[in-house]
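This report sets out selected structural features of one protein model. Please consult the sequence and the coordinates alongside the text.

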Amino acid sequence: MSQLTPRQYPTTRMRRMRKDAFSRRLMRESTLTPDDLILPVFVLEGEGRREAVPSMPGVERLSLDLLIEEAREVSALGIPALALFPVVDAPLKSEFAEEAFNASGLVQRSVRALKDACPELGLITDVALDPYTSHGQDGILDAHGYVLNDRTVETLLKQALSHAEAGADVVAPSDMMDGRIGAIRDVLEREALHNTRIMAYSAKYASRYYGPFRDAVGSAGNLGKADKTTYQMDPANGDEALHEAAMDIAEGADMVMVKPGMPYLDVVQRVKQELRVPTFAYQVSGEYAMHMAAFENGWLDADTVILESLMCFKRAGADGILTYFAKRAAQLLNQ
């Protein structure tokens, strides 16, 4: 492909196309619509329960009856899907996370009820054990506190299958165990759940941006001062993310995820450009909390910055964005 010969001012005035709204719109390279958004939600037991998440202003944990109302609002805004995360009561947490695959568990019941109420709304469920373990790690530990890969995958298989059987449209393993995508795909195929999609959290970094989320699901206290560096990715690495994503696609993933979002847009761009697969990114709880702090202090304008922050994901190549701003962004985009 030949290179264009640079043209000089005043023959070329780059501002010409910026003068009017019509020409700015005509040359716009990236677009953002409600179709690009996924809203993460937190469900808890009970009825009529609504709990604020202190580190995430404006985000609430909802009981299932209130979550169904939320789902109807989300669907009416044109948002395609919810990502469902459970708040598991302490007595149900255990060393081996047995509650994760309980067919009558909170997530499984929530999926069935949400699909009955809003069948057109996509439901994405988190496949990971940290909400269910008494130690807050994403897997089963050995005697030294190391997360056992293959033993953990055995439990993840049961969890993913229970979600799919309940009616989840997409199961989203966020645990970062090796080989879990292929194992989950095999069990879904064996059980004739051929159309259950897998969104692989392929490039999930061992980030400090997750703190408010762990508060929201109640795993922060269980994890304590421990970290997840033996299975989540080193923030210094980019090539490794491509290796992870390519392996997950080869094992049967339909989509890949990069998490966190804005600090890792270079990874989003590389994954999309080099692998050409459906690529998603998560504007995580820490990113949301920082934005909200700036909005509440009057340091940034909320509406314009929300849309700008989401547009940058699209510019980087993301096909969709998990964001706690999804409802507000959709309302703005629908005006």
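Leaving aside its neighbours within four places in sequence, with which residues is N149 in contact?

## N149 and its surroundings

The structure discussed here is a predicted model. Beyond its neighbours within four places in sequence, N149 is in contact with M177 and D178. N149 belongs to helix 4, which covers residues 149-166. Its side chain also makes a polar contact with the side chain of D150, at 3.0 Å.

With respect to R7, 142 residues apart from N149 along the chain, the C-alpha separation is 57 Å.

## Strand 12 and its partners

Strand 12 comprises residues 320-323, all of which are buried. G320 and L322 point one way from the strand, whereas I321 and T323 point the other way.

Strand 12 pairs with two strands described here. With strand 1 (residues 37-44) the pairing is parallel and rests on two bridges; L37 stands opposite I321 of strand 12. With strand 11 (residues 279-283) the strands also run parallel, joined by four bridges, and Y282 has L322 as its bridge partner in strand 12.

## The nonpolar core

The largest nonpolar core contains 107 residues, and F42, M199 and Y282 touch the most other members. Y282 thus appears in two settings: among these core residues and as the bridge partner of L322.

Outside its neighbours within four places in sequence, M199 is in contact with I38, I124, V170, V171, A172, P173, M255, M257, F280 and L322. L322, in turn, shares its direction from strand 12 with G320.

## Helix 10

Helix 10 spans residues 285-296. Its 12 residues reach 16 Å from the first C-alpha to the last, close to the 16 Å expected at 1.5 Å a residue. After the helix comes G298, with a positive phi near 75°.

How much of helix 10 is buried? Nine of its 12 residues are, so the helix is largely enclosed by the rest of the structure. The buried residues are S285, G286, E287, Y288, A289, H291, M292, A294 and F295. They pack against helix 6 (211-217), strand 11 and helix 11 (302-316). Strand 11 therefore features both in the packing of helix 10 and, through four bridges, in the parallel pairing with strand 12.

Note on methods. Residues are numbered from 1 along each chain as its sequence is written. This is a predicted model: local features need pLDDT of at least 70, side-chain atom pairs count only at pLDDT 80 or more; totals for chains, interfaces and linings use all residues. Side-chain values use heavy atoms; hydrogens and water are left out. Buried means under 20% relative accessible area, exposed over 50%, partly exposed in between (1.4 Å probe, protein chains only). Two strands pair if DSSP finds at least two bridges between them. Contact means heavy atoms within 4.5 Å. A polar contact is a pair of N or O atoms within 3.5 Å; within protein, one must be able to donate a hydrogen and the other to accept it, and residues adjacent in sequence count only if both atoms are side-chain atoms. The expected span of a helix is 1.5 Å times one less than its number of residues. A nonpolar core is a set of buried Ala, Val, Leu, Ile, Met, Phe, Trp, Tyr and Cys residues joined through side-chain atoms within 4.5 Å.
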